[in-house]
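Here is a short, friendly tour of one protein model, meant to be read with the sequence and the 3D view open side by side. We will take a helix, then a sheet, then a single residue.

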Amino acid sequence: MPAGGTRLVQPTDATIDHAGALIREGRLVAFPTETVYGLGADATNDRAVAAIFAAKGRPQFNPLIVHFAVSAEVERHALMTEAGRRLAQAFWPGGLTLVLRRRDDTAISLLASAGLDTIAVRVPAHDIAHRLLAAAGRPVAAPSANLSGSVSATTAAHVLGSFGAEVALVVDGGPCPIGIESSVVDVSGEVPLLLRPGAVTSEALEAVVGRLAVPGHQAGPLRSPGLLERHYAPSRPPRLDARTAQEGEILLGFGPEAPADAANLSRSGDLAEAAANLFAMLRALDRPEFGRIAVMNIPETGLGRAINDRLRRAAAPSGPALR
Ligand code: TXA
Ligand code: MG
């Protein structure tokens with residue numbers, strides 16, 4: 001590895017300890033979670049958090065998720081609510097992010113909240129993420145480890161392909177088991193709001209807290225800047241609900257009806273398998289010689305909602321892309 005270059009390491013006790021020490025020194029460390037890879041930094045260090053925005057090319061108004069090793073730590077930094085507690089009990093550790101009001105005395109960088117009076121928090125279940133958070137000994141701000149506006153990274157190779165020496169270490173945990181980002185639920189107000197469908201299905205969330213409201217396109221401040229229309233995008237907007245590839249297109253199939261020679265998110269039509277394959281397949285097909293990606297219909301149920309949410313954003317014509 002060239003001096004100063006990004007370093008890829010296998011997870012051992014020694015490399016995880018080292019990764020924790022790098023975080024405490026204010027450096028950036030990429031690590032696997034059960035959803036996608038995160039680009040982590042000490043959430044209490046303004047300069048380290050600023051380095052995340054710089055590395056991703058992310059607009060400063062898009063806030064970050066802060067990760068904790070154990071849920072008991074969350075309440076030192078955020079004001080837990082009844083709905084939040086119920087969801088945390090049911091789904092933490094796991095692929096759920098809660099938006100809560102910040103405590104006045106929290107040491108978490110305001111930059112991580114991007115100026116909002118709320119903070120997004122998550123306790124991941126992935127063993128390597130858990131060990132790294134414990135080794136760091138502080139909350140770790142980590143967006144998905146991709147350049148802003150492009151698809152999330154679900155392997156260490158994706159991370160290495162996007163970043164250089166600004167990332168001190170990439171911990172290789174293999175492909176992320178879920179492969180799609182966490183569900184984001186705002187439980188800071190009276191009514192729980194589903195800000196981003198994700199790894200925990202809406203059906204499962206609603207079984208715990210009842211009907212979730214979905215933010216409309218009303219005027220007013222953005223509840224979640226990550227909801228900007230065009231996001232999670234390959235270089236050219238894909239065409240959705242395709243049956244076959246047209247001239248100048250390559251098909252991304254789903255289910256047994258897809259042509260046998262097409263890339264297929266899940267030949268058996270399994271939505272969990274499709275979620276796990278989504279970003280890696282979009283990346284693999286996103287090449288000029290293939291033309292535009294045409295994606296077959298994905299059922300709007302369970303994890304299909306999160307998959308379709310990402311595909312619709314990728315297909316949105318233009319607008320405020322988060323590049
Ligand atoms: O699965 C995941 O959630 C991954 C792993 C690494 O944890 N992280 C991730 O982070 O996807 P990111 O930064 O790519 O997406 C965070 C989402 C964005 O849509 C952001 O706008 C929203 O959460 N968000 C963060 N803080 C918020 C806040 N205070 N209020 C509303 N939305 C917030
Ligand atoms: Mg992201």
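Let us begin with helix H5, which spans residues 127-136; its buried residues are Ile128, Ala129, Leu132, Leu133 and Ala136. They sit on the same side of H5, because they cover an arc of only 130° around the axis. The spacing fits a general rule: an α-helix has 3.6 residues a turn, so residues three or four places apart point the same way. Please keep in mind throughout that this is a predicted model.

What lies over that buried side? The cover for the buried residues of H5 includes the elements in this table.

| Element covering H5 | Residues |
|---|---|
| helix H1 | 13-24 |
| strand S2 | 29-31 |
| strand S4 | 65-67 |
| strand S8 | 140-141 |
| strand S9 | 169-171 |

Helix H1 deserves a closer look. The axes of H1 and H5 are 8 Å apart, and the two helices pack at an angle of about 55°. Angles of 65 to 115 degrees would count as roughly perpendicular and those under 35 as roughly parallel, so H1 and H5 are oblique to each other. The crossing in which H1 passes H5 is right-handed. On the H1 side of the contact are Asp13, Ile16, Asp17, Ala19, Gly20, Ile23 and Arg24, and they meet Ile128, Arg131, Leu132, Ala135 and Ala136 of H5. Just after H5 comes Gly137, with a positive phi near 70°.

Next, the sheet. Four strands make up an open sheet with parallel pairing, in the order S12-S15-S13-S14. At its edges are strand S12 (239-242) and strand S14 (263-264), each of which pairs on one side only. Further in, strand S13 (residues 249-253) is joined to strand S15 (residues 292-296) by 4 bridges in the parallel sense. Ile250, for instance, has Ile293 in S15 as its bridge partner. Helix H8, residues 271-285, lies across S13, S14 and S15 and runs at about 165° to S13.

Finally, is Val159 buried or exposed? This residue of helix H6 (residues 156-162) has 0% relative accessibility, so Val159 counts as buried. Setting aside neighbours within four places in sequence, the contacts of Val159 are Ala30, Tyr37, Ala145, Ala153 and Val170. Val170 lies 11 residues from Val159 along the chain, and their C-alpha atoms are 7.6 Å apart.

How values were computed: Residues are numbered from 1 along each chain as its sequence is written. Chains are lettered from A and ligands numbered from 1 in the order in which they are written. This is a predicted model: local features need pLDDT of at least 70, side-chain atom pairs count only at pLDDT 80 or more; totals for chains, interfaces and linings use all residues. Side-chain values use heavy atoms; hydrogens and water are left out. Buried means under 20% relative accessible area, exposed over 50%, partly exposed in between (1.4 Å probe, protein chains only). The arc is that of the directions from the helix axis to the C-beta atoms. Contact means heavy atoms within 4.5 Å. Two strands pair if DSSP finds at least two bridges between them. Axes are lines fitted to C-alpha atoms, for helices over the stretch in contact, and angles run from 0 to 180 degrees between N-to-C directions. Angles under 35 degrees count as roughly parallel, over 145 as roughly antiparallel, 65 to 115 as roughly perpendicular and the rest as oblique. A crossing is left-handed if the near helix is turned anticlockwise from the far one by less than a right angle, and right-handed if clockwise.
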